[in-house]
Amino acid sequence: MGGHTLQRQHRFSVVVALVLLSTQCCSQVTETVPKEPSELEDNVCSGGRTCGDCTAIDPTCGWCAQQGYTEDTGFLRCDLIQNLINKTCLDITYPVSSVSVEENEELRDADPNLGDPVQVAPQKIRLKLRPGQSVNLSVSVRQARDYPVDLYYVMDLSGSMKDDLENLKQLANTLAEEMGEITRNFRLGFGSFVEKTLSPFVNTAPSSLLEPCPDCQPPYNFRNHLPLDVNTDLFSDRVNETSYSGNLDSPEAGLDALMQITVCKELIGWLPKARHIVVYVSDDAFHIAGDGKLLGIVNPNDGECHLNSETGYNDRANEFDYPSVGHLNFRMREQNVIPIFAVTAGHTDLYRELANFIEGSTVGILAPDSSNVVALIKENYDKITSKVQISDNAPENLAVTYTSRCLNEAPNPGSKVCLGLKLGEVVSFDVTVEATSCHDNTEQSFNIGPIGFEEALEISVVVTCSCDCEDLSIPNSDYCSNGNGTLSCGQCVCDAGRYGKLCECSSGEDTEVSFRDKYENVASCRASSNSSIACSGRGECICGECACFERQDKKEVISGRFCECDNFSCERYKGQLCGGPDRGQCVCDEKSRRSVCKCKPGFSGDACDCPISTAGCVASNGLMCNANGVCECNRCKCDANSPFKGSTCETCKTCIGKCSSYRPCVECKIFGSDVISPEECDKCTVAVVIDSELPSVNVSNLCVFPGGFTNCSTSYNFVYETLDNGTVLVHLQDQPRECDPNGGGGDNGKTPIATDPTSGDILILVLSIVGAIVFIGVILLVLLRLLTYLHDKREFTRFTKEQQSAVWDEAQNPIYKPSTSTYVNPLYGK
């Protein structure tokens, strides 16, 4: 357990050690010393009860192993290192992180004398990490020339690929010749896939299983026709011997085939030190995990090899579901296999989505008859060899971050990729490793290496969560009340049934003295003389010392001398304590004796909710909030009386374009106006030039402002444009002025200083618009009334004319019935 102990005779060397310890290289050990805290009142270390606990809290914490330290001084043993120095602890101990390079061969190509090529350096490193304390290391990568290539060609042989197979038979020799030009160490293999032989994906009628289509071979899941071999003539022979098959559904069993190709290392024939490439050719989609349930398959894919060594078929394909994309990526990354997806145009989007989840893979558009497959392979192989992408398989308790250094480019933090490389060029990656939690001091290991490379940097890690002094503990020490405890790192670890700083108290319940010893010093457990509550109500007073209660959630800890603090009741931001681990940490404030947020660099506020950066407040003219507001928590708070609003106070609904945004910078730089302060004027990113004639620009970029400075009445004009580099260039027109001679304006013919347009200008504009609208409305009403009058007059005239020309006939109303009736006697007069 690497560590430091500060003894009495070396007190002066404490500060020197904290400054001079630095990182060493190669086979030496690199040690990192915790930084001194900037705010001593925020004590994150107050909860440490043992040296091991103290180690795991924070890298700024140290342990005082001096006997009698807390008894004599009342100080904390687990404290900030600077506090322990200030409080004159004579024996400070703390583990430190270290880096030890154990194997570091130089990068090289294959050499008859030196052996295999070396593409990654260094090769082995051992780390000793203290939680929260990071170490830095560098990884260099160089792709060796003439590196062996294993290329396995796997093809969809469903019925729709019939013409593609015929073309491949003709291109087989060409493919072998072209790849032979890339590297002399080249081997070629061939396989094919169709579908799981279960209904409804395949017609399971006996006759269809034998011949699903005319001149077809029986359906199968995946078959390894030719393991990787240097004899490329065998590739042509196997392709010519192969015929297509058939199935019922459109998606195929491509992921099943890729899984078997990846994990069956011996049967496929992958070399340990070679670039492993799989060329996947298909004109359709693929089945994924879960589709097997349609076939009655409930067992998830086990990621194991199930190829028959004699026939080359996947004999157990119908027992396991299709693999998931994540599972397939894990296996391919594990075996350093990189796929090239050569698919038809209708499915390129699907396979590009798949390539996003399979590291190192590429996608090419395949011609309908696969006639361009050789060109696709060469093109995508060049893409693979021109890129170095680094990755790792670090355990969850280790955080690994990268900064790429690609040839002559500037360092790129967070990047793990270098592009546009040629064979033999060296790139490097700065790697930072930090342990986020303890791991019982057991050794862990992980690899860092380029995707598709067999070589990688092997890293062994031990997370130290204990101190050297714990190995020197003295059992049954006389210092601990005549052998009632173990003296460890300066304090007593009491035996069962004993309590107190020196194990002077007993928990036995058979005597009154024991009970009184245990609880008689309750007064020393109260935070103040006015308080009647011992240990803040969150602990038990034992032998005059608070033993804080444990929480059900072990991550939540009550701490402090009077149990007044904890690590879970600080202010929250967006539901996260102190804004989350990236913003701050909940600690105990020694002055206020309460839990507060200790913000990390770049943040402030009670909940670390306020970013210190002001980058988000800078307007396009370089001014903070466009000089129309104040920046609070990296956000602009615009002046209430200002017309400017928005995220940087640049949006103005009553302003034309951005004239008003650039106007303060123009006036302060050219006219010396005090519209903004000299400090704000210095921040202006607007460049101003004076031209006799304004250049031709978009009309919306023309800005015209009236005069008014120093009694000059002439207005001034400018136009603005944004250059390619983002700079705003303002062209100010130099024009003659007429100034009041008594007013002192003009200044020898220079452009007069202009004032801002008053609110009256805006009012006149608004009133003019309103007046025009009212006037138009009145005209429309008059026209409407006139049209209505003319229409009514015309209708009345027509009615009168028709009334005068009407003629009424005199006749009896046909529906009239007289009151009397007349009858004629037919026999009258006879």
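This is a short talk on two pieces of a predicted model: a helix pair and a sheet with a helix on it.

Quick housekeeping: residues are numbered from 1 along each chain as its sequence is written. Because the model is predicted, local features need pLDDT of at least 70, side-chain atom pairs count only at pLDDT 80 or more, and totals for chains, interfaces and linings use all residues, while side-chain values use heavy atoms, leaving out hydrogens and water.

Okay, the helix pair. The axes of helix 5 (residues 162-182) and helix 12 (residues 373-385) come within 9 Å and cross at roughly 20 degrees; axes here are lines fitted to C-alpha atoms over the stretch in contact, with angles from 0 to 180 degrees between N-to-C directions. Helices are DSSP runs of H or I, at least four residues, and strands are runs of E, at least two, numbered from the N terminus. So helix 5 and helix 12 are roughly parallel, meaning an angle under 35 degrees. Who touches whom? Helix 5 brings Leu171, Thr174, Leu175, Glu178, Met179 and Ile182, and helix 12 brings Val373, Val374, Ile377, Lys378 and Tyr381, with contact meaning heavy atoms within 4.5 Å.

Now the sheet. It's open, four strands, order 40-43-42-41, mixed pairing; strands pair if DSSP finds at least two bridges between them. Strand 40 (687-691) and strand 41 (702-705) are at the edges with a single partner strand each, so one side of each has no neighbour in the sheet. Strands 42 (residues 716-722) and 43 (residues 728-733) run antiparallel, joined by five bridges, and Val719 sits opposite His731 of strand 43. Helix 14 (residues 659-671) packs on the sheet, touching strands 40, 41, 42 and 43.

Note on methods:
Parallel < 35°, antiparallel > 145°, perpendicular 65-115°, else oblique.
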